[in-house]
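Here's a quick briefing to read alongside the sequence and the model. Have both open, and follow the bullets topic by topic.

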Amino acid sequence: MKELIKISKNISQCTACALSNTRTQTVAGSGSQSAEIMFIGEAPGSKEDLHGLPFVGRSGDLLDELLVSINLDRQSVFITNLIKCRPPDNRDPLTKEIQACKEFLKKQLQHINPKVIVTLGRHAFSYFFPNANVQSSRGQIMPLGELSVFPVYHPAAALYNPKLKSVLQDDFKKLSDYLQNSITNKKISKTPSNEAKQLNLFE
Ligand code: URA
């Protein structure tokens, strides 16, 4: 746990981009250091900025509901965002903010080494797959080097468009089936070559 705490402390002291001037506090992420699933959202919103925790607003309620539907909870997964500070007026994260923050996500990924990365919405997904879109890629495992990315819609999208809620529910069921069917529960070993591949993703 020490390493995750160290990463969070470094995040809390970050002044690499202008969002450090407007945030109330950073939102590093929460959950288990040995999580098999890591959820990556977009950026903290106003409630997250106040509480210092990811997904505590209405999208968070839906995320909790989806987790419970596949017998998971916040303690058994790790939840974070692409960027760790709230963009003013909840605007989209800028490329320069994502670039300034990516080292933290890289460190969290290396330390937790999840079996599956679930990207919530298009920003987190395009970070890993800049040329693909969530609509046609969602609900399936997309290998990327040694990583396995599973894109789904952002829970906030289902709050605006209730039809998307059942799509999200189906995708979470697929995620659960994938985890249960995966032949080996062994985590990706941290061999030097794997680490090198993962590092390349963040260059
Ligand atoms: N939306 C996100 O992408 N992340 C949060 O933490 C909350 C809402």
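## The quick picture

The protein chain has 10 helices and six strands. Keep in mind that this is a predicted model. Of the 203 residues in the protein chain, 49% are buried. Take the contacts between residues at least 6 apart in sequence, and 73% of them join residues at least 24 apart. The accessible surface of the chain adds up to about 10,200 Å², with 51% of that belonging to carbon and sulfur atoms.

**How the sheet is put together**

- The six strands form an open sheet in the order S1-S3-S2-S4-S6-S5, and the pairing is mixed.
- Strand S1 (30-31) and strand S5 (142-144) sit at the edges; each has a single partner strand, so one side of each has no neighbour in the sheet.
- S2 (residues 37-41) runs parallel to S4 (residues 116-120), joined by four bridges.
- S2 also runs parallel to strand S3 (residues 78-81), again with four bridges.
- S4 pairs with strand S6 (residues 147-152) in the parallel sense, over four bridges.

**Strand S2**

- S2 is mostly covered, with five of its five residues buried.
- Ile-37, Phe-39 and Gly-41 point one way from S2, while Met-38 and Ile-40 point the other way, and all are buried.
- Phe-39 has a bridge partner in S4, namely Val-118, and another in S3, namely Ile-79.
- Ile-40 has Thr-119 as its bridge partner in S4.

**Strand S4**

- S4 is largely enclosed by the rest of the structure, because five of its five residues are buried.
- Val-116, Val-118 and Leu-120 point one way from S4, and Ile-117 and Thr-119 point the other way; all are buried.
- Over in S6, Ile-117 has Val-149 as its bridge partner.
- Thr-119 stands opposite Pro-151 in S6.

**The nonpolar core**

- The largest nonpolar core holds 53 residues, and the members that touch the most others are Phe-39, Val-118, Phe-128, Phe-172 and Leu-175.
- Helix H5 (residues 95-112) supplies the largest share of this core, with six residues.
- Two of those well-connected members have already come up as bridge partners: Phe-39 in S2 and Val-118 in S4.

**Phe-128 and its surroundings**

- Which residues does Phe-128 touch, not counting residues up to four places away in sequence? They are Ile-40, Leu-105, Leu-109, Ile-117, Thr-119, Leu-144, Leu-147 and Val-149.
- Among these contacts, Ile-117 and Thr-119 point the same way from S4, and Ile-40 is the bridge partner of Thr-119.
- Phe-128 is buried, as its relative accessible area is 7%.
- The structure holds three aromatic pairs. In one of them, the rings of Tyr-127 and Phe-128 have centres 5.2 Å apart and planes at 85°, so this pair is edge-to-face.
- Tyr-127 also counts as buried, because its relative accessibility is 17% and the cut-off is under 20%.

**The loop between H3 and H4**

- Gly-52 lies in the loop between helix H3 (46-51) and helix H4 (58-69).
- Is Gly-52 buried or exposed? With a relative accessible area of 17%, Gly-52 is buried.
- Leaving out residues up to four places away in sequence, Gly-52 touches Gln-25, Thr-26 and Val-27.
- Gly-52 and Ser-12 are 40 residues apart along the chain, and their C-alpha atoms are separated by 9.9 Å.
- Phe-55 is found in the loop between H3 and H4 too, and its relative accessible area of 6% makes Phe-55 buried.

**Positive phi outside glycine**

- Phe-55 has phi near 50°, a positive value in a residue other than glycine.
- Asn-90 has phi near 55°, also a positive value in a residue other than glycine.
- Where is Asn-90 found? Asn-90 is in the loop between S3 and H5.
- Asn-90 counts as partly exposed, at 43% relative accessibility, whereas Phe-55 is buried at 6%.

How values were computed: Residues numbered from 1 in each chain as written. Predicted model: local features only at pLDDT ≥ 70, side-chain atom pairs only at ≥ 80, totals over all residues. Heavy atoms only, no water. Helix = DSSP H or I, 4+ residues; strand = E, 2+ residues; numbered from the N terminus. Buried < 20%, exposed > 50% of the residue type's maximum accessible area, 1.4 Å probe, protein only. Contact = heavy atoms within 4.5 Å. Areas by Shrake-Rupley, 256 points an atom, 1.4 Å probe, with all protein chains shown as cover. Phe/Tyr/Trp six-rings, centres within 6.5 Å; stacked < 30°, edge-to-face > 60°. Core = buried A, V, L, I, M, F, W, Y, C linked by side-chain atoms within 4.5 Å. Pairing = 2+ DSSP bridges.
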